[in-house]
Amino acid sequence: MTRFLITLAVGTAAIMGYLSFNVLFLIWLERKVSAHIQRRLGPMEVGSHGSLQTVADMFKLLGKQILTPLATDRFVYILAPVLVFLPTLCLASLIPVSGAEAFADQPYGLLVIIALSGISVLSIFMAGWASNNKYAVLGGMRSVAQVVAYEIPVLLAALSVVLITGSLNLRDIVAAQHTLPFFIIQPVAGILYFIGITAETNRAPFDIPEAESELVGGFHTEYSGMRFALFFFAEYTNMLVLGALGATLFLGGWLGPWLPGPVWLLLKAYAVIFVMMWARWTFPRLRFDQLMSFAWKLLIPVALVNLVITAVLLAGRIQ
């Protein structure tokens, strides 16, 4: 029992340490990517090429006063940023980084990850509702509608991979790609997955729940200091987790020549994240009705057709 608790504590500390570094790095990377796309320099003054800018921002947020508006539902208001933060630890522990077992290896790991990733939308709605602010409430309601719509094509895209491998275990899915990554076999599913996770993480052009031109800041309008920072911690961590899951499902996970397995997985995950950032600073934000129509009228039917075609082809091969 003591050994288990020590392992749990060390593993949790290691995951938290890396996730904290990852958030600081991704915020810096996004600033630099957006700057280069828009032909400017981005952060340059604090550290080499602005490398310490996000560290300075972290200390700034730690020093800011945490305010709680009088009209809020206080318990739910305080619980929301905590609830959005905690599932990230569980999600990160379920991604296998090499041929060895994940920190919390599960035979149905893919199903557990998809289920846990939906908890974030609950916390976002709680934050909006408890804030007692019309802009925050609208942002929370938009987030629920968006995740419900885009979770379906993500799940259907993942099911196409599950049909091919016959397993929900992520290590088995990676092992089945030792000759060819599934993105070559299932390009439609890979594209649908990428679009879906971009919407799930509230990234532009799908950042409707926090559209500052319409909702001031959306669901986190009434949050300040580290409570505000926890929402962004969860957003950037979900980008890494869903990017790593996409690399596991479609890009061969940790498989690759010469370099260690964890390095390959992270390189592929950050490549997916880079494309998400590229899309954010390239395409304009959609209207809410356009976003919902895109999911229900195009993505979901295409995902269903792709799943049926995959099942029919696999049934033909078995016969």
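## Exercises on a predicted model

Helices α1 (2-37), α2 (53-63) and α11 each supply at least two residues of the lining of the largest pocket. The model is predicted, and the exercises below work through its pocket, its cavities, one helix pair, one residue and the confidence values.

**Exercise 1.** Describe the largest pocket by its volume and lining.

Solution. Step one is the volume: about 870 Å³ of space lies in the largest pocket. Step two is the lining, which counts 34 residues, with Ile-27, Leu-61, Phe-228, Phe-232 and Tyr-236 closest to the pocket's centre. Step three sorts that lining by class: 17 residues are nonpolar, six are polar and 11 are charged.

**Exercise 2.** State how many cavities of 30 Å³ or more there are, and describe the largest cavity.

Solution. Start with the count, which comes to three cavities of 30 Å³ or more. The largest cavity has a volume of about 140 Å³. Next, take its lining: 14 residues, of which Ile-124, Thr-201, Asn-202, Phe-231 and Glu-235 lie nearest the centre. Then assign the lining to helices. Both α5 (119-130) and α11 supply at least two residues each, and α11 gives the most, with five residues. Last, the classes: the lining of the largest cavity has six nonpolar, five polar and three charged residues.

**Exercise 3.** Work out how helices α9 and α11 are oriented to each other, and which residues meet.

Solution. First, read the geometry: the axes of α9 (residues 187-200) and α11 (residues 225-250) come within 11 Å and cross at roughly 175°. Second, apply the cut-off: an angle over 145 degrees counts as roughly antiparallel, so α9 is roughly antiparallel to α11. Third, list the contact. From α9, Ala-189, Gly-190, Tyr-193 and Ile-197 meet Leu-242, Leu-245, Gly-246, Leu-249 and Phe-250 of α11. Fourth, class these residues: seven are nonpolar, two are polar and none is charged.

**Exercise 4.** Place Leu-116 in its helix and find its contacts beyond four places in sequence.

Solution. Leu-116 belongs to helix α4 (residues 109-117). With its neighbours within four places in sequence left aside, Leu-116 is in contact with Pro-87, Cys-90, Leu-91 and Leu-94. Take Pro-87 from that list: Pro-87 and Leu-116 are 29 residues apart in sequence and 6.6 Å apart in space, C-alpha to C-alpha.

**Exercise 5.** Find which elements have the lowest and the highest mean pLDDT.

Solution. Begin with the whole protein, whose mean pLDDT is 86, with 96% of its residues at 70 or more. Then go to the elements: helix α10 (residues 212-215) has the lowest mean, 68, and helix α8 (residues 182-185) the highest, 93. Finally, a rule for reading: where pLDDT is low, predicted coordinates should not be read in detail.

Key: Residues numbered from 1 in each chain as written. Predicted model: local features only at pLDDT ≥ 70, side-chain atom pairs only at ≥ 80, totals over all residues. Heavy atoms only, no water. Axes fitted to C-alpha atoms, helices over the stretch in contact; angles between N-to-C directions. Parallel < 35°, antiparallel > 145°, perpendicular 65-115°, else oblique. Contact = heavy atoms within 4.5 Å. Nonpolar A, V, L, I, M, F, W, Y, C, P; charged D, E, K, R; others polar. 1 Å grid on protein atoms, 1.4 Å probe; cavity = no way out; pocket = protein on both sides within 12 Å on 5 of 7 lines; lining within 4 Å. Points joined across faces, edges and corners; volume = space filled by probe spheres on them. pLDDT = per-residue confidence, 0-100.
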